[in-house]
Amino acid sequence: MTNHNEKPFKDERYLQLLSRSFPTVADASTEIINLQAILNLPKGTEHFLADIHGEHEAFRHVLKNASGNIKRKVNDLFGNTLRESEKRELCTLIYYPEQKLELVKQADEDIHDWYQITIHQLVCICRDVSSKYTRFRVRQSLPDDFSYIIQELLHENTNDKDKTDYVSAIINTIISTGRADDFICAICNVIQRLSIEQLHLLGDVYDRGPGAHIIMDTLGKYHRWDIQWGNHDILWMGAQAGNDACICNVIRLSLRYANMATLEEGYGINLVPLATFAMEIYGDDPCIAFLPKVGESDDIDHKTELLTARMHKAISVLQFKVEAQIFERNPSWGMQERNLLDNIDYEKGICTINGKEYPMISCRFPTVDPKNPNKLTEEEETLMRRLRHSFMVSEKLHKHINSILQHGCMFSICNKNLLFHAAVPLNEDGTLKEVEIYPGRKYSGKELMHQIGMMVRTAFQSDSPSEEKAYAVDYFLYLWCGPDSPLFDKSKMATFERYFLKDKETHVEEKGNYFKLRDNEEVVERILDSFGIKGKDRHIINGHVPVHVNKGENPIKANGKLMVIDGGFSEPYHKTTGIAGYTLIYHSRGFQLVQHEHFTSTADAILRGSDIVSTTQIVEMSDHRMRVVDTDQGEEISEQIKDLEQLLYAYRHGIIKEIDPTK
C-alpha cells in the first residue's frame, strides 16, 4: 500500500474522478480483486497475418479455423473417441455452421440424436477455448438469444449426476423448441471468436486477389484487429484521397491480374470511360506486353483479354505522365530521373537510362507529344477527371479507408513485438537512415514512421491547410515507390522498364539496406532499441517480401529476433514461394509459425470437409506459461490496481469521502 505522505501520490482531483466509478471501499476492493484475478489468466492468443492481397476465401477460412488451432483442439479433446472423418465433419461444422447444417439435415436420418451428440461436443470445445477468459469477457462474446443458456452449459460440472441431468434437460429443450440450428450456429461463432484474442494484419489487404472489399467487410465485423499499413494499402488510400498516380496504379494492377471485381463490384468504380478511351486510341494495337496475368482457373475469352490489355496500356501511359508531373513539382524527392517518357527517342525507338541506350519493345505512344511527353491530351484530362471523381465519391471505399485509418498506423508495438509492413530505412552500416519527408525536415526510425503516419492522416482531414494537404496527397506516391520509403525500400520501381525494355538488367530493383541487413542480429537489436522496446524476448515481425520456402529460405532471421510472415497468400505467388501463406501465433507458451498449403475453395471445404493443410513450426517457447501480467495489458491493469489502492487509502484516511448509494 502506498503511504499518502510518500511520492508519487495521485492528484486528488484524479482520485475524485475515479471515485465516481468506485464510490465505496467495497466497490474499489472488489475491482482490485477482479483485476488481480485477470492478471493470473493465461495470455490471450494473438494471430499475425501479412500480405493477404485480396484472397478473401483463404483469409476468412484462416479466421474460421483459427489457423488450424480449432482442429488441434478437436484432436486434443476427441482424438481417441472420434474417427478422423467425424473430427473433420465437426471442424467443418464449426467453420461453416449454416451451410453444414443444411447438408447434415439432408443426409442424417436421426437428426435428433445428431443434435444431442453434436451440441455436447460443441459445448466441450467452447468450454476449452473460453478457459483463458473471465466470465465477464465470455459473456461479452455471447449472442443475446443464448447468452444465459451457453453460460449455464459452460460452467456446470457434468461429472455430477444431478448436473448431468440438468445439462441434458437444457439440450433436450433446445432441440424440442426448434432452436437447435440457431443454437449450433451461435456456439460455433463463439468458438471462432474466442479462439483468437487479437488479430494483427501486417499490411497489404489490397491488390492481386479478387476480394479485398470482402476482407474489409469481414474486418468491419471482427472483434479485435489492427493493421500496419502496407504499400498496396497506401496505394488505395492515396487513390481515395485523390492522388491521380495512385488511381492509375490501382487500376493498372487490377487490369494486370484481370481482377476487376474489387474495383467494379466492390466499390462501384466506373471503368467504361477507360474502356471507351482505350478502344479509340489503342484499337489497332495488340498490346502484347500488357496481356493480363491470369491463373489456371481464370476463364477469360480472347476478346475480353484484348480489351483488358488495351485498357492496361492506356492507364499505364496515363500513369507515367501523372507520376512525372508529381515528381516535377516535388524536386526534393529526387525522382525526376524516373520520368522515362522524357528519355525516349521516338523516331529511333530507344530509351536512354543512366547514359546507356536500350531498344524499346514497342514505341507506339499515340497520346505522347515527343516535345512535351508528360502533358495529358484533352481526352486524357477528361478521363483522369472522371476516374478521380469515381474514386472520391465511392461511399464504400471511403468507409473501408476510414476503417484502415482508425485501426491502423505505420507501425505498432505490442507485447515487446515491433510490427510494421516492410522496412526501417538504414544506412549501409546498419545505422538508422535520416529521410526527408517534408522539405528541409529529416527523420529516422520511430520518429520517421510517426511523422509519415501523421502526414497520411493530414491528407484526409478537411481542416488541414491546403498546401500541407496537397503535399500529403502527393506523398502517397513517394510512399508507394520512393527509394527511402519504409513501405518500398528499393532503388526503383521498374514498371516502365518491364513493359517497354527487353534488356532485363533494366528490370532489376535493388533492395534497400534493411533487406540486406535484416539477418544481422546486431542491426535488428539496434532497431528495437531505437523504438524503445526493452527486454530479452523482443522481436520484429513484418511481411512485404515473400519468403521462398521452396528455395530453402527461412522466415526466421537474426537468431530468432526477426520473423518474416509473407508466405504468399496471393495465388500468383504460390509457384514462387511453394506455400500459400503464414500465420504467426503468439500464445501463452510462445510463438508458433503455421505454414499454409493452397486452399481450394469455401464450397469444397463445406462439401468435402477440406481444410487448409498447415504445418506448425515452433519458433520460440517461453520458459514459463505467460499470463496476462506478462503483457502490455497486464502493465495497464497493474497501474489501475495501484490507482485503486491509492483510492482505498484515501477513503480509509478521510481524504475522500465514500458516496452513499442510497442518497
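1. Contact here means heavy atoms within 4.5 Å. With that in hand, have a look at H12 (212-220). Its buried residues pack against helix H3 (56-64), strands S2 and S3 (225-228), and helices H15 (261-267) and H19 (395-407). The buried set in H12 is Ala 212, His 213, Ile 215, Met 216, Thr 218 and Leu 219, where buried is under 20% relative accessible area, exposed over 50% and partly exposed in between, with a 1.4 Å probe and protein chains only. Helices (H or I, at least four residues) and strands (E, at least two) are DSSP runs, numbered from the N terminus.

2. A word on the basis: this is a predicted model, with local features needing pLDDT of at least 70 and side-chain atom pairs pLDDT 80 or more, while totals for chains, interfaces and linings use all residues. Residues are numbered from 1 along each chain as its sequence is written, and side-chain values use heavy atoms, leaving out hydrogens and water.

3. Next, a helix pair. The axes of H14 (residues 244-256) and H17 (residues 302-329) come within 8 Å and cross at roughly 155°. H14 is therefore roughly antiparallel to H17 (angles over 145 degrees count as such, under 35 as roughly parallel, 65 to 115 as roughly perpendicular, the rest as oblique). Among the residues that meet are Cys 248, Ile 251 and Leu 255 in H14, and Met 311, Ile 315 and Val 322 in H17. The residues of this contact divide into 9 nonpolar, 5 polar and 4 charged (Ala, Val, Leu, Ile, Met, Phe, Trp, Tyr, Cys and Pro count as nonpolar, Asp, Glu, Lys and Arg as charged, the others, Gly among them, as polar).

4. H14 and H17 turn up again around H16 (residues 272-282): along with H18 (378-392), they are included in what covers its buried residues. Those residues are Pro 273, Leu 274, Ala 275, Phe 277, Ala 278 and Tyr 282.

5. On to the rings: the structure holds 27 aromatic pairs (Phe, Tyr and Trp rings, the six-membered one for Trp, with centres within 6.5 Å; planes under 30 degrees apart are stacked, over 60 edge-to-face, the rest tilted). Tyr 206 and Trp 236 are stacked, at 4.7 Å centre to centre and 25° between the planes. Tyr 206 sits in the loop between S2 (198-201) and H12, and Trp 236 in H13 (residues 231-241), so this pair ties together parts 30 residues apart in sequence. Both Tyr 206 and Trp 236 are buried.

6. Phe 320 and Phe 496 have ring centres 5.4 Å apart and planes at 70°, so they pair edge-to-face. Phe 320 belongs to H17 and Phe 496 to H22 (residues 495-500), so the pair links parts 176 residues apart in sequence. Phe 320 and Phe 496 are both buried, and they join Phe 290, Tyr 346, Phe 365, Tyr 499 and Phe 500 in one aromatic cluster.

Definitions and conventions:
Axes are lines fitted to C-alpha atoms, for helices over the stretch in contact, and angles run from 0 to 180 degrees between N-to-C directions.
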